[in-house]
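Okay, thanks for squeezing me in. Let me put the structure up and then we'll go through a couple of helices.

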Amino acid sequence: MKRILLVLLLLVPVLVLAAPKNVYGSEQGIPILMLHRFSSAGSGDYNIATKDFRKILETLSKPEFCLIDLTEYVNASFLTRCQGKKPFAISMDDGHSSQFRFLKNGFVDPTSGLGVLLEVFPNAKATFFLNTTNGGAPFGTDSKAKIAWLRKNNFTIGNHTVSHPILSKLSSAAVIREIDGVCRYLNETSMLLAYPYGLMPPNPISSYKTQCQTKAAFRAWLGYFEARGQTKESGALLAPMPNTKAFSSRRFTYPRINISSYQDFVRDVLQNTAWAVVK
Ligand SMILES: [Zn+2]
């Protein structure tokens, strides 16, 4: 009896660890991390402790991983560079001031989200999905200078709509205004789009007659538990690999993973059995 109990006790952790496989599915894909605010403590779904973010990046700086930019993802241009490695991307939404601060001497504040990223990955690439009027200007202050800095350093700036509305509740004219306003502000003609709250407009984004061309669009799963509740789709948390059918069929619904703690990262990314290795 004791023996059986011991076997059972040994099996339980194995079963628990194996459980996510059904949710993530067998389809291999790429984790696109989605971050919002950074603070010393970190609390809630949209606020990560800076030390957790640093710990995540340090884990991902090991040679088996390969940081890619969402522009490289959409163009499938990362494949050669990431050969034999597990690719991942980083995106930050809403242009919160904690993501990007300048010090008085003009350097990037090492305690801001971007500062921590550059400390671990000096040649980092990431994507900033910006609103133009979402509780203030992009990154709070010095918006134009910060956007210029990001462009100069080859970061991708994405469209997150003018005012962060629930697109599913808007008229066609309002959806178009929300998309085009960001392109006008940034003087762009074509951008990547992240749906606010991950919620899509009533019709497919490609059917709206916008001046600004949307190259690809990204949704947001809040994580493992939300994905389990919302979809049975395989690989729900991971963006499809370029050599798959889903890469074109899901071009306007690529998933991202919300990360607000190191535990989120371990559960949804590090232990994700469907994370693809580039072959
Ligand atoms: Zn947002």
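I'll talk about one helix and its surroundings, then about a pair of helices. Just so everyone knows, this is a predicted model.

So, helix α6, which runs over residues 143-152. Which of its residues are buried? That would be Lys 146, Ile 147 and Leu 150. Their directions span an arc of only 100 degrees around the axis, so they sit on the same side of α6. If you want the background, an α-helix has 3.6 residues a turn, so residues three or four places apart point the same way. Flip to the other side of α6 and you get exposed residues: Lys 144, Ala 145, Ala 148, Arg 151 and Lys 152.

And what covers the buried residues of α6? The cover includes β7 (127-130), β8 (156-159) and α7 (172-186). One backbone detail here: after α6 comes Asn 154, and its phi is positive, near 60 degrees.

Okay, now the pair. Helix α3, residues 50-60, and helix α5, residues 113-120, have axes that come within 10 Å and cross at roughly 30 degrees. Anything under 35 degrees counts as roughly parallel, so that's what we call α3 and α5. As for handedness, the crossing of α3 past α5 is right-handed.

Who's touching whom? From α3 we have Thr 50, Phe 53, Arg 54, Leu 57 and Glu 58, and they meet Gly 113, Val 116, Leu 117 and Val 120 of α5. Sorting the residues of that contact gives five nonpolar, two polar and two charged.

That's my bit, thanks.

How values were computed:
Residues are numbered from 1 along each chain as its sequence is written. This is a predicted model: local features need pLDDT of at least 70, side-chain atom pairs count only at pLDDT 80 or more; totals for chains, interfaces and linings use all residues. A residue is buried if 20 or more other C-beta atoms lie within 10 Å of its own, exposed if 12 or fewer, and partly exposed in between; C-beta atoms are placed from the backbone. Helices (H or I, at least four residues) and strands (E, at least two) are DSSP runs, numbered from the N terminus. The arc is that of the directions from the helix axis to the C-beta atoms. Two residues are in contact if their C-beta atoms, placed from the backbone, lie within 7 Å. Axes are lines fitted to C-alpha atoms, for helices over the stretch in contact, and angles run from 0 to 180 degrees between N-to-C directions. Angles under 35 degrees count as roughly parallel, over 145 as roughly antiparallel, 65 to 115 as roughly perpendicular and the rest as oblique. A crossing is left-handed if the near helix is turned anticlockwise from the far one by less than a right angle, and right-handed if clockwise. Ala, Val, Leu, Ile, Met, Phe, Trp, Tyr, Cys and Pro count as nonpolar, Asp, Glu, Lys and Arg as charged, and the others, Gly among them, as polar.
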